[in-house]
Each structure stands twice: as structure tokens, then as C-alpha cells.
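Please look over the sequence and the model shown below. The paragraphs that follow lead through some helix contacts, the nonpolar cores and one residue in a loop.

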Amino acid sequence: MIGTRRFAVTATAVLVLAAAAWVAPGLDLVEGRASVVLDNLAQLAAGLLATGCCWWTARRRGGPDRRWRVAMGCGTFGWTVGMALWTWYQLAEERAVPSPSPADAGYLSIVPFAFVALLVIGGHRRSDTPDALLDHRSGSTRLVLLLDGVIVVGSLFALTWTTALGGLVAVGNPSTAAFLVAVAYPVTDLVLLVVVVVLGADRKVVLRPQLRLLGLGLAALAASDLAFAYLVSIQAPEVPPAANAGFVLGPALIALAALAPTPTPVGGPGRSRRPWQWAYLLMPYVPLLVCTVLVLRRTAIGEVEPLDGVEIGCGFTVFVAVVLRQLVTIVDNARLVLMLRESERTLAHQAHHDPLTGLANRALFEGRLDEALARHHRDGTPFGLLFVDLDDFKAVNDVSGHAHGDALLERVARRLRGCVRDTDVVARLGGDEFGVLVEGVGEPREVAFRVLDSLGEEISASVGVVVCADRDPETTAASVLKRADKAMYEAKREGGRGLVVHR
């Protein structure tokens, strides 16, 4: 494992050498056959470098950090074999490379191994931080990811076909095998890039530096694949070195991904990850917009050639995928709204109710008492307040344990609710203290007797009762609670298991 500073020096050296390999022919520092030799050997050396770095660093790693390097090393080895065959055709046999050829099999062999490597990197995720975008992987979420991939791949393939690949096929009049090979390059490139973007949006992926360098390497290879196809489609007399830059830079970046130091997992989302989130959100729409602009441009400049079967098929597939994605999104949004409303109701209930007994808590009880007192001052509506305190509850906890004490509180809560109407308020004010607010008709003292009868001989309690029947502008919620508390303590001093009423 190399350190961060050493990796920076190594990365600089590798990128400088990779740039020099294709800049030299571009600046006419190397001409003619020497330029072709340098270009091919640079690509071959880059492939060998990527393979060696992946397999060499895999020996000192374990788990996912080892598996993705082994898989990627196999992929770059196959790509390098394809490059060696291409070099043999061009330099040893001095003839055009047939299509399809064994070199194509070597080049395309990187795709399945790169796909496996990306899945291994994506599966190595932290479990200590929430991810609002990708954590809750329901069936609809996976369906949206699949539809996004179809939209991106279909749109970009249509763009590639219109700009380069279609012309290449038309010029070459290829066989079925040659057509499949020509189509395989852009399709597989696009699939891998979509996977990179989706994984880059997941903030829990641990090997993010490796993912970014690997994604840049695959993007460089895809860019050169597209440039090569375009040059062939327009029957360019030669392929300039700049078009092959990705075949040198791509493997070099893959080598750097293997050499990059493994980051230390840390909790908490970082600000630097926001661009990846935006890239994920915009991923299905950017290529679709590009294709739309291209079609409008063709229409504007008077190109009225009929669409071929590939363009019609891609367009129809993308259209269906967009419609399905929007429908799934609408359903998900409706479900999310319902979940949010249910969460709000749950949070509101938790904020105003005791978690053990389910009764109203002190805050809600005092709010209802304020409302009852306001109606009492305004309309003269009478109300009564019961303050219930269990006798010797601390001894229950000390002798039988807190679990037995909690069960006792739950039984008290159920019996208190059974003694009052649905419109009355029963609350746990704290510890073993309960409050009952009785408003309107009825005698609070009778409610207090029902409470004592309901608790029975099993549970001893003292009850203080305050009855507010006559208007008194000086009466406040705090004073009512204080008088009820005072009445309860008077009942305790009288021996408990009784009640005292203040009017």
C-alpha cells in the first residue's frame, strides 16, 4: 500500500508518460511508420501497466479490495492481448485489421471483468450513515435504476448510431458478426459508464477514489472507441494520435486506480459528494436532451432522410422507458407523501403522549387545561381536575424491579381510561403521577370515587380533586394544578388510599 504523497508522484509520472506517448506524434516529433509503432507500443505498454498494477497490488489486499483488482486485472489482460493482436496485424503483417477479428474478442473481454469489478466496489459500502437517495432499495427503486440505465444507454446509442456507427455500418456493409461487434463497443461502453455514475451517487461506497479513477479510465476508452468509429464512418484516410489518446490514458488511469491508497471509512456525508448526487439525478435526462437537440438540428437544416430501423427501435424503447419511469416516480412520490403524513402523525403523537402508557403527557395535559380554563372564564363551563399519585410506588420498583413497576403503571393507565368519557383527558404527569381533566356535566368527585374503586385493593393511590364551578378571573392553570397537588398530599397525610376535594 503506497502513501498519499507517493501516490501523487506516481500518478503524475504515469500521466506525463501517457500524454507524451500520443503528443509526440501529434506534434510531428515522430513521423511515418515510427509514429504508428510508437502509438501501438504505447497502448500495449499502458495495458501491461494496468494489468501488472492490478495483480501486483491485489496480493497485498484482502476482501473486496482484492477481488475488484483481480477482476480488473483479468479484464485489462484480455484488452492487452487484443492490443497485441492489433499490433501484430499492423506492424508484422502490415495489413488492415479484419472485422471481426481475434483482437475484438480481446478488447471486448474487458467488459464483463470491469462489470464484476464495479459490482464488487459498489458492494463494499459503509453501514454507519444514512443515505436518503439510495438506502431504501425497494423494488420500485431498483426499477427506476433499471429504467434510467435503459434511457441513458438507448439515448447515447442512438446518438452514437446517428453520428458515427450508422455511417460505419453503411459504408462497410458488414456481415451479421461484424455488425454485432461494431454495436458491442458503444453499447458495452455506455452500460459500464451508467454503472459508474449510479455507484458514484451512492455515498456509502468505501472505495470512492478507486471508483472515480476506474470510471475515468473506462470513459477514456469509450471516448476513443467512439472517435475511432466516427473516423471510420467518414472514411478518414488515417486515425490521428489524438483519437487513440483514450487507449493510452484509459489503462493508465486504471493502473492508478489499483495503486490508489484505500481510504479510511469515516462517518457522515461530505460536501464533495453532492456533484455525484446531481449527476445521478440528471443522468437519464441529459443524453435524452442531447438526442432531442440532434433530431431538431437535423430537421432545421433540412435533413429529411427517413429514420432507419435502429433509430426507430432506440427511440421507441427510450420513449417507453421515460413514460414508465415517470409513472413509477409519480407512484413513489404519492407513497412518499403518505409516508410523510403518517410520520408527522406519529411524531406529533410521540411529542404529546407518554411512550410507556400511551396517555397524554404533561405538555398536552397543560394545554388542554388552558383551553378548559379559557372556556370556563368565557362561558362559565365547569371542569374538575384530579391529581392521582400512587402510594409507595418506589418500594414496588425497589422490591420487584422496574419491569414490574412499568407493568403496574400500564395497568393504572388502562383503569383510569375506563373511568372517564372519551372527551375527558387522562395524562401521565411524571413518574407515578397521573392527571384527569373532567369538563362539563358530571361531578368530578364521583369520577374520583370510580378511580379508587377501579384501582381496588391491589393498587393504593391518593387523589386530590379541584372543582372549578364558579367563575374566578384570578384562577390560572398553574394555580389549579398547585391546588390539586396540595389536595393530593393532604390525602396522603391522612393515610393514603383516599381523596381530598378543594372547591
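**Helix contacts and nonpolar cores**

In this predicted model, the axes of α3 and α5 come within 8 Å and cross at roughly 165°. Since angles over 145 degrees count as roughly antiparallel, α3 and α5 are therefore roughly antiparallel to each other, and their crossing is left-handed. On the α3 side the residues that meet α5 are Pro64, Arg67, Trp68, Ala71, Met72, Cys74, Gly75, Thr76 and Trp79, and their partners in α5 are Ile110, Phe113, Ala114, Val116, Ala117, Val120 and Ile121. Sorted by class, this contact of α3 with α5 holds 13 nonpolar, two polar and one charged residues.

Helix α3 (residues 64-92) also meets helix α9 (residues 245-259), the two axes coming within 11 Å and crossing at roughly 160°. That angle makes α3 roughly antiparallel to α9, and α3 passes α9 in a left-handed crossing. Here Trp68, Arg69, Met72, Thr76 and Trp79 of α3 are in contact with Phe247, Pro251, Ile254, Ala257 and Ala258 of α9, so that by class the contact of α3 with α9 comprises eight nonpolar, one polar and one charged residues.

Trp68 and Met72, which take part in the contact of α3 with α5 and also in the contact of α3 with α9, appear again in the largest nonpolar core, where, of its 49 residues, Trp68, Met72, Leu118 and Leu214 touch the most other members. At least two residues of this core are supplied by each of α1 (4-26), α2 (32-58), α3, α4 (102-108), α5 (110-123), α7 (176-200), α8 (208-233) and α9, and it is α9 that gives the most, with 10 residues. Leaving aside its neighbours within four places in sequence, Leu118 is in contact with Leu192, Val195, Val196, Leu199, Leu211, Leu214 and Leu218. Apart from this core lies another, of 27 residues, which includes Leu390, Leu409, Val436 and Val438. As a general background, nonpolar side chains in soluble globular proteins tend to be buried together.

What is the place of Asp392 in the chain? Asp392 lies in the loop between β1 (383-390) and α14 (393-400), and its phi is near 55°, a positive value in a residue other than glycine. Most residues other than glycine have a negative phi. Because its relative accessibility is 64%, Asp392 counts as exposed, the cut-off for that class being over 50%.

How values were computed
Residues numbered from 1 in each chain as written. Predicted model: local features only at pLDDT ≥ 70, side-chain atom pairs only at ≥ 80, totals over all residues. Heavy atoms only, no water. Axes fitted to C-alpha atoms, helices over the stretch in contact; angles between N-to-C directions. Helix = DSSP H or I, 4+ residues; strand = E, 2+ residues; numbered from the N terminus. Parallel < 35°, antiparallel > 145°, perpendicular 65-115°, else oblique. Left-handed = near helix turned anticlockwise from the far one by under 90°. Contact = heavy atoms within 4.5 Å. Core = buried A, V, L, I, M, F, W, Y, C linked by side-chain atoms within 4.5 Å. Buried < 20%, exposed > 50% of the residue type's maximum accessible area, 1.4 Å probe, protein only.
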